[in-house]
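Here's a quick walk through some ring pairs, helix packing and backbone oddities. Have the coordinates open while you read.

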Amino acid sequence: MELQEQVSSVILKPESEILEYKAVLPPSKSIAQIICSFANTSGGLLILGVSEIGGRKVSGLSEDFRATSITHKAIDLLSPKPTVDYGYVQYDGKKLFAIKVEKASTVISLEGKIYIRENDRVLQSNPTVNTFQPGGYEEISALSTILETLKLNATDSKFKLLEHYQSILKMIDNLKALLYPDSPAVFTTVKEGSILSRILFSSVVDNFETYLSDILFEIYLAKPQSLKSEQMVKVEDVLNCADIQEFITFWAKEKIGKLQKGSVKGFIADNKQIKDLNAIDSTTQNEIEKILQIRHLYSHRNGIVDEKFLKYFPSGYPNGSEHQMSIEEVLNKIEYLSGIVNNIDNAAMVKYSLSTFL
């Protein structure tokens, strides 16, 4: 059956084991996950451009970005590659994009993970089990459980961040002798542990910034018109990108530059997509700015306090002293940033109809 004919025969039927809708174009990894789940179950059809908010309806898919290119990238992420047919189709005067997946004769995986369908849901059949040291610091496993719960309703960007944070928790759990030999509430006296603590905390903040860049990319894919602005773009920058997806990734990272310089307020002001979510109030912005300054101190001055740092923390840290964080404080920052990400993600999914990863 031709792709156009098959779409016409099932359009607006309820989602099922063999049918799924997305209102907008998801990132390639999210598409790969759905293709993987269809291939490992009974095959199926993914139709892009059908909204389920306020009742199922054909909304159409913008052609500003090339769904064909992103779908091709999604298939390249799978091993082995399943049999897939995809392309634009017409329905009720609107353009949709359909991806038809055949049931595979062998197991298909995405980055080592295997996805299947259960009714209209995508499930991982070989989930990673997070186990922690017996008798270890209870807050580590408790925080991991919180992050696992947050993954149940997440964009690809948020899911990726939370998995990274869980990996950091595993490292902390396994390196007690270095990171908190006496108590999680006390600074480590082991030199190597102090260095490692700074590296881990910097990674926590770096990946928070990466989340903001990634969620901007997801918003741009969902609403291409949101990319338009009065800001000038160099022709050289455009030509240096292989395709529109690579350019959008580049542009999102360019916009994250202000955040990397510690100006979270400037970042929000310059990114209407984030500002309009109203998910980060002024108090939260100030707190993020302080967290960024600690990361800068760890990344560029090995934790040695300077005048710039003291502008944000005027008391409690003598100039030239070494700034340290206990593991308890690091865990608190992970939980705090995860909460901010959760608020942004939930608001972005509603406003821009973003797809959930699972």
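Rings of Phe, Tyr and Trp (taking the six-membered ring of Trp) count as a pair if their centres lie within 6.5 Å; planes over 60 degrees apart make the pair edge-to-face, and those under 30 degrees apart make it stacked. Keep in mind that this is a predicted model.

**Aromatic pairs**

By that rule, the structure holds 7 aromatic pairs. Take Tyr 88 and Phe 97: their ring centres sit 5.0 Å apart with the planes at 75°, so this is an edge-to-face pair. The two partners see solvent quite differently on paper: Tyr 88 is partly exposed, at a relative accessible area of 29%, whereas Phe 97 counts as buried, at 0%. Tyr 86 joins Tyr 88 and Phe 97 in one aromatic cluster.

Phe 201 and Tyr 298 make another pair, with centres 5.8 Å apart and planes at 70°, so edge-to-face again. This one links distant parts of the chain: Phe 201 belongs to helix 7 (residues 191-222) and Tyr 298 to helix 13 (residues 282-301), with the two positions 97 residues apart. Both Phe 201 and Tyr 298 are buried.

**Helix packing**

Two packed helices are described by the angle between their axes and the distance between the axes. Here are two cases.

| Helices | Angle | Axis distance |
|---|---|---|
| Helix 2 (residues 28-39) and helix 3 (residues 67-76) | about 60° | 8 Å |
| Helix 5 (residues 156-174) and helix 7 | about 170° | 8 Å |

What does an angle of about 60° make of helix 2 and helix 3? They are oblique to each other, because the angle falls outside the parallel, perpendicular and antiparallel ranges, the perpendicular one being 65 to 115 degrees. Their crossing is right-handed. On the helix 2 side the contact uses Ser 28, Ile 31, Ala 32 and Ile 35, and on the helix 3 side Ile 70, Thr 71, Lys 73, Ala 74 and Ile 75. Sorted by type, that contact has 6 nonpolar, 2 polar and 1 charged residue.

Helix 5 and helix 7, on the other hand, are roughly antiparallel, because their angle is over 145 degrees. The residues in contact include Leu 161, His 164, Tyr 165 and Ile 168 from helix 5, and Leu 200, Val 204, Phe 208 and Tyr 211 from helix 7. The full set splits into 10 nonpolar, 4 polar and 5 charged residues.

**Around strand 6**

Tyr 91 lies in strand 6 (residues 84-91) and is partly exposed, at 26% relative accessible area. Leaving out residues up to four places away in sequence, Tyr 91 touches Ile 11, Val 58 and Leu 96. Ile 11 is 80 residues away along the chain, yet its C-alpha atom is separated from that of Tyr 91 by 8.6 Å.

Now for the backbone. Which bond is cis? The peptide bond joining Ser 79 and Pro 80 is, with omega about -15°. Pro 80 sits in the loop between strand 5 (78-79) and strand 6.

The loop between strand 6 and strand 7 (94-101) holds Asp 92, which has a positive phi of about 55° despite not being a glycine. Asp 92 is exposed, with a relative accessible area of 65%.

Asn 119 is another non-glycine residue with positive phi, near 60°. You'll find Asn 119 in the loop between strand 9 (115-118) and strand 10 (121-124), where it counts as exposed at 56% relative accessibility.

How values were computed
Residues numbered from 1 in each chain as written. Predicted model: local features only at pLDDT ≥ 70, side-chain atom pairs only at ≥ 80, totals over all residues. Heavy atoms only, no water. Axes fitted to C-alpha atoms, helices over the stretch in contact; angles between N-to-C directions. Helix = DSSP H or I, 4+ residues; strand = E, 2+ residues; numbered from the N terminus. Parallel < 35°, antiparallel > 145°, perpendicular 65-115°, else oblique. Left-handed = near helix turned anticlockwise from the far one by under 90°. Contact = heavy atoms within 4.5 Å. Nonpolar A, V, L, I, M, F, W, Y, C, P; charged D, E, K, R; others polar. Buried < 20%, exposed > 50% of the residue type's maximum accessible area, 1.4 Å probe, protein only.
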